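Visitor: Could you take me through one part of this model closely? I would like to see how a helix is packed and what lies around it.

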Amino acid sequence: MQLHPAIENAARVLDGATLSRNDALRLAEEVSGEDILDLVSLANKVRKKFAAPFTPCSILNAKSGVCAQNCRFCAQSAHYHTGIETYPLLEPDEVLDAARRARDNGVDAFGYVTSGYGYRTVTPEFQKILDTLDLLHAEVPELKLCVSIGILSRETAELLAKHHTWRYNMNLQTNPARYAELIADTHTIEEKIQTIRYLQEFGVTICCGGIIGLGESWSDRIDMALAVREIEPEGVPLNVLLPIKGTPLEERPILSPEEVAKTFAIFRLINPTLMLKFAAGRETVMKDFQGLLMLSGLNGMITGGYLTTRGRSVEDDRRFIEQLNSF
Ligand code: SF4
């Protein structure tokens, strides 16, 4: 059986070649229908050859909602009326309980996430975050601590590094050139990239991905995948938009599994070695297709729920991961 020529060209990635922007655009424009399964198969082979085995991580929303930023997809922005549960920063003991549960569920990377712009100075709230990280490090030292608290200065980035932050999540979300138009105009993509660079300077590894289904084009998706490659992160969370009522994106159509499979596969071919994680949208949006999509080149997932939506049980996901690792 003959492979589609664009897929045959992309198969050079298996021999160590780098997928160019034009190669990726060709896949996006030319591959459709049943050929997508050949593309999925290639992405899975690349994942198997170059990336780590399937691994779960978990996140805790340590401060929810009432955010002054206007990210168009986000249920937590105070610019929109979405009716989510809001609460101020959790106490260190509450976070510790959640971290112990994550550890007992066999997860080894624990993400501490807060809503909001971020921390450019050492406010009392930022100090409480540092104290929480110290407590987690002392009480559950086996957990790797991933932090996602927004935009930082060099000073606050250095403090997080000193207080046991192993990895930091800062998503590009979309094609950086269209950030203001597609995501938010209350902060800039440059501030986010600068934050990443500060953290890398202090030895913190980076988790950096985005969302698809915002109304972006194929070339935007490819530009995001290429921008991620330039950032040199270790982890890449990929979210599929669940349109939230009350946000400007509430009417966006849900992406088809076919389109998501093609996007994930192209992401893997552009980034052969990275930990590509299926984040929000796996159970809620993609439902029965989550297995196929995990095999479209991904090797990680967020388990046990998301920031404002629930996921399926950690136990079910653990079995799922064991099965995925046999492919
Ligand atoms: S993504 Fe973060 S910064 Fe943007 S509105 Fe939501 S909570 Fe605020």
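Guide: Happily; here is a walk along two helices, followed by a look at the ligand.

This is a predicted model, in which local features need pLDDT of at least 70, side-chain atom pairs count only at pLDDT 80 or more, and totals for chains, interfaces and linings use all residues. Residues are numbered from 1 along each chain as its sequence is written. Helices (H or I, at least four residues) and strands (E, at least two) are DSSP runs, numbered from the N terminus.

Let us start with helix H5, residues 124–139. At 1.5 Å a residue, its 16 residues should span 22 Å, and the end C-alpha atoms are indeed 22 Å apart; the expected span is 1.5 Å times one less than the number of residues. A residue is called buried if 20 or more other C-beta atoms lie within 10 Å of its own, exposed if 12 or fewer, and partly exposed in between, with C-beta atoms placed from the backbone. In H5 the buried residues are Phe126, Ile129, Thr132, Leu133 and Leu136. They cover an arc of only 110 degrees around the axis, so they sit on the same side of H5; the arc is that of the directions from the helix axis to the C-beta atoms. An α-helix has 3.6 residues a turn, so residues three or four places apart point the same way. Turned away from the buried side of H5 are the exposed Pro124, Gln127 and Ala138.

What covers the buried residues of H5? The cover includes helix H4 (92–104), strand S3 (118–119), strand S4 (144–148) and helix H6 (154–162), where contact means C-beta atoms, placed from the backbone, within 7 Å.

H6 has buried residues of its own: Thr156, Ala157, Leu159 and Leu160. Seen down the axis of H6, these fall within an arc of 160 degrees, so they line one face of the helix. Glu155 and Lys162 are exposed on the other side of H6. The cover over the buried residues of H6 includes S3, H5, S4, strand S5 (151–152) and helix H8 (189–201). After H6 comes His164, with a positive phi near 75 degrees.

Finally, the ligand: among the residues around it are Cys67, Gln69, Ser115, Gly116 and Ala184, where near means a C-beta atom, placed from the backbone, within 6 Å. This shell has 4 nonpolar, 6 polar and no charged residues. Here Ala, Val, Leu, Ile, Met, Phe, Trp, Tyr, Cys and Pro count as nonpolar, Asp, Glu, Lys and Arg as charged, and the others, Gly among them, as polar.

Note on methods. Two residues are in contact if their C-beta atoms, placed from the backbone, lie within 7 Å.
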